[in-house]
Amino acid sequence: MKSITIASLKGGVGKTTLAIYFAASLARQKKRVLLIDADPNNNLTDFFLRNEELDSLQSKSLYNILKGRVSISDAIRIVEPGLGVVPTTPELAKAQNEFGANPGTALRFHNALKSLDFDYIIFDTPPSLTYELYLALYNADHVICPIGFSRWTIQGYQLIAEACAQNNVTEPVCVPFNVSKKDSERISEIELPSTKTSIPKSAEFAKSAINGKLSEKVWDEFSDLTKEILR
Ligand SMILES: Nc1ncnc2c1ncn2[C@@H]1O[C@H](COP(=O)(O)OP(=O)(O)OP(=O)(O)O)[C@@H](O)[C@H]1O
Ligand SMILES: [Mg+2]
């Protein structure tokens, strides 16, 4: 089992979109994949589970797993063949205060992940250096950072790279994301650990986010990306 954390300290750069399609692409390649929403803004949860009642989401959420009120396996919703989701609600924002001083919580979570039977675990994370981001980084075998051709998205990567280096976490890999062909060529000229595969700007993603449904038109790029990163 390998864990992949999608992270950037720049908001709106495509983390959630990347997490959703990276995971769904692996599931379509017959892998067993678990997506964990570690962002209290819970856009990933809203994508897959927008019809589930708040009480139900809240009782079997990442926050309540950390609290010890529910087991991780009881909190998994299967949303597509081979694809499970652990949801989050805004309550996760209390994690820093409640668990930050207790290393046992993160250790228990790490051990619970290890006991699961998935090929890949993928974390979506918030654009801030919070408990939930560090939790996802500590468990990461790969860290992936979407970037555009903008100094702010590149800074969003550099800050994650610093946090990884300081905490003995693997070096993040950048994925040119939501970019034109020209921007992707410009990014390839910058000295960054970037993938050759880029994900183009496409109205399909915005439509997909509004409808909470996977687009059927974007799989080739994601299949290339999963192969390049996980080879
Ligand atoms: N390749 C793309 N082409 C066009 N639009 C995109 C693309 N990727 C993402 N978007 C749109 O950009 C917006 C932000 O994307 P997303 O929510 O994935 O970013 P994020 O980094 O997770 O944001 P946050 O930091 O708020 O969690 C969304 O409306 C999404 O549909
Ligand atoms: Mg997001």
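**Ligand 1 and the largest pocket**

The shell around ligand 1 draws at least two residues from each of α1 (15–28), β7 (173–179) and α10 (203–211), where helices (H or I, at least four residues) and strands (E, at least two) are DSSP runs numbered from the N terminus. The structure is a predicted model, in which local features need pLDDT of at least 70 and side-chain atom pairs pLDDT 80 or more, whereas totals for chains, interfaces and linings use all residues. Residues are numbered from 1 along each chain as its sequence is written, chains are lettered from A and ligands numbered from 1 in the order in which they are written, and side-chain values use heavy atoms, without hydrogens and water.

Ligand 1 is surrounded by 17 residues, each having a heavy atom within 4 Å of the ligand. Gly14, Lys15, Thr16, Thr17 and Ser202 come nearest. By class, the shell comprises 7 nonpolar, 7 polar and 3 charged residues; Ala, Val, Leu, Ile, Met, Phe, Trp, Tyr, Cys and Pro count as nonpolar, Asp, Glu, Lys and Arg as charged, and the others, including Gly, as polar.

Polar contacts are pairs of N or O atoms within 3.5 Å. The side chain of lysine 15 places an N or O atom 2.8 Å from an oxygen atom of ligand 1. For valine 13, a backbone N or O atom lies 3.0 Å from a ligand oxygen, and a polar backbone atom of phenylalanine 205 is 3.5 Å from an oxygen atom of the ligand. The protein buries 78% of the 630 Å² that ligand 1 exposes when taken alone, with areas from the Shrake-Rupley method and a 1.4 Å probe.

The largest pocket holds about 520 Å³ of space, a volume filled by probe spheres set on the grid points. Its lining numbers 28 residues, of which Gly14, Lys15, Thr16, Thr17 and Ala209 are closest to the centre. A pocket is here an open set of points on a 1 Å grid over the protein atoms alone, where a 1.4 Å probe fits, with protein on both sides within 12 Å along at least five of seven lines; lining residues have an atom within 4 Å of a point. Ligand 1 occupies this largest pocket, in that more than half of its atoms lie within 2 Å of the grid points. α1 gives the most to the lining, with 5 residues.

Terms used: A polar contact is a pair of N or O atoms within 3.5 Å; within protein, one must be able to donate a hydrogen and the other to accept it, and residues adjacent in sequence count only if both atoms are side-chain atoms.
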